[in-house]
Amino acid sequence: MGTFEPTRLLVTGGAGFIGSNFVRRMLTTKVARVVVLDALTYAGDRKNLDGISDPRVVFVQGDICDRAVVERVFTEHAIDAVAHLAAESHVDRSIEAAGVFVQTNVTGTFTLLDVALRTWGEHPTGRRFLHVSTDEVFGALGDTGSFTERSPYAPNSPYAASKAGSDLLARAYVKTYGLPVVVTNCCNNYGPYQLPEKLIPLVITNAAKSLPLPVYGEGKQVREWLHVADHCAALWAALTAGTDGESYNFGSGEELPNLALVERIADLVDDELARPRGTSRALITLVPDRKGHDFRYAIDSTKARTTLGWTPTRTLDRALAETVRWYVRSGR
Ligand SMILES: NC(=O)c1ccc[n+]([C@@H]2O[C@H](COP(=O)([O-])OP(=O)(O)OC[C@H]3O[C@@H](n4cnc5c(N)ncnc54)[C@H](O)[C@@H]3O)[C@@H](O)[C@H]2O)c1
């Protein structure tokens with residue numbers, strides 16, 4: 001435990017949802033330099049890093065597929081650790097246009113892994129590459145069971161397939177070259193700084209504006225939700241206490257059907273705005289289901305809990321109310 005101490009850390013996608021939360025968390029550590037590399041696509045926003053005045057943080061606008069940019073960042077900043085979060089991340093967009101998902105998630109990850117290899121060499125010591133991925137690589141579950149690290153990959157959406165491809169490239173760089181890579185697969189996240197195209201912030205911001213609250217199909221799909229702060233703590237645990245070549249699943253154990261989640265958020269928004277309960281529920285609108293919509297995801301995070309000493313600290317009950325308050329008060 002605690003065997004690796006990153007000093008000069010590259011965070012890709014640091015202006016996105018999880019990345020910006022992770023950068024904030026890094027400021028509570030002894031890391032000497034945090035270099036954020038982000039292309040600022042529609043999903044990235046420098047404002048997500050507002051309020052950070054720590055001189056350890058350096059922002060570089062650039063594309064992870066651009067080898068020259070990645071090489072320059074590695075050498076200029078003497079990078080010894082990577083937390084790779086940059087990705088195209090929205091399933092619906094991947095169904096509309098998959099090309100950019102393959103480009104960023106597969107080619108971008110390849111570029112980062114390959115530059116790390118060429119810069120650090122084979123079997124380097126004192127280096128680590130944390131590849132951040134999703135539980136969606138495992139496909140869908142029925143009513144019972146949960147994914148372990150040994151579950152077969154069976155991605156169903158172009159997003160999930162592109163993330164699965166990137167995970168397999170990461171594995172190949174470990175097996176072939178001894179690159180010290182740790183892979184993590186997490187369930188759905190929620191919390192501050194998430195773009196309101198994703199379910200939870202979409203429902204909060206629409207409810208606050210009295211706009212329709214779209215729910216796919218009959219809202220029966222089941223998802224597991226982890227607060228982003230708990231995910232960031234897990235990522236730090238994997239980076240510092242993980243074992244090279246291993247993967248770790250992160251989940252909260254808190255599962256619920258989408259409709260039940262939306263109803264809870266609707267009530268919380270009413271409470272926050274001092275409106276009668278039921279006002280926001282009336283806005284719920286069932287819309288045609290997403291193509292190939294996975295029925296249920298659930299994660300078995302026993303390995304992370306026992307070998308990394310990580311455990312989530314927030315319950316959906318409390319943290320969902322905090323999240324609603326954050327979006328309503330920040331006016332997002
Ligand atoms: N959000 C979740 O619930 C969740 C759950 C499990 C895993 N993940 C994974 O965590 C990572 C971060 O997810 P997120 O929700 O914060 O995503 P996000 O969409 O909020 O942020 C992605 C960031 O990557 C940047 N980016 C996109 N393409 C880039 C490129 N080519 N070069 C450089 N930067 C680029 C964007 O500008 C943005 O800042 C992703 O790899 C995602 O697959 C997310």
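The following paragraphs describe the surroundings of the ligand and then two residues with an unusual backbone angle. The structure is a predicted model.

The ligand is a convenient place to begin. It is surrounded by 30 residues, and those closest to it are Gly-13, Gly-16, Phe-17, Gly-44 and Ala-87. Four elements each give two or more residues to this shell, namely the helices α1 (17–26) and α4 (99–120) and the strands β5 (128–134) and β7 (188–190). Of the elements, α1 contributes the most, with 3 residues. When the residues of the shell are sorted by class, 14 are nonpolar, 12 are polar and 4 are charged.

The backbone also deserves attention. Most residues other than glycine have a negative phi. Leu-40 has a positive phi of about 50 degrees, although it is not a glycine. This leucine, Leu-40, is found in the loop that lies between β2 (33–38) and β3 (57–61). Is Leu-40 buried, exposed or partly exposed? Leu-40 counts as partly exposed because it has 14 C-beta neighbours inside 10 Å, whereas a buried residue would need 20 or more and an exposed one 12 or fewer.

Ser-210 provides a second case. Its phi is near 60 degrees, a positive value in a residue other than glycine. Where does Ser-210 lie? Ser-210 belongs to the loop between α6 (199–208) and β8 (213–216). Ser-210 has 14 C-beta neighbours inside 10 Å, and it therefore counts as partly exposed.

How values were computed. Residues numbered from 1 in each chain as written. Predicted model: local features only at pLDDT ≥ 70, side-chain atom pairs only at ≥ 80, totals over all residues. Near = placed C-beta within 6 Å. Nonpolar A, V, L, I, M, F, W, Y, C, P; charged D, E, K, R; others polar.
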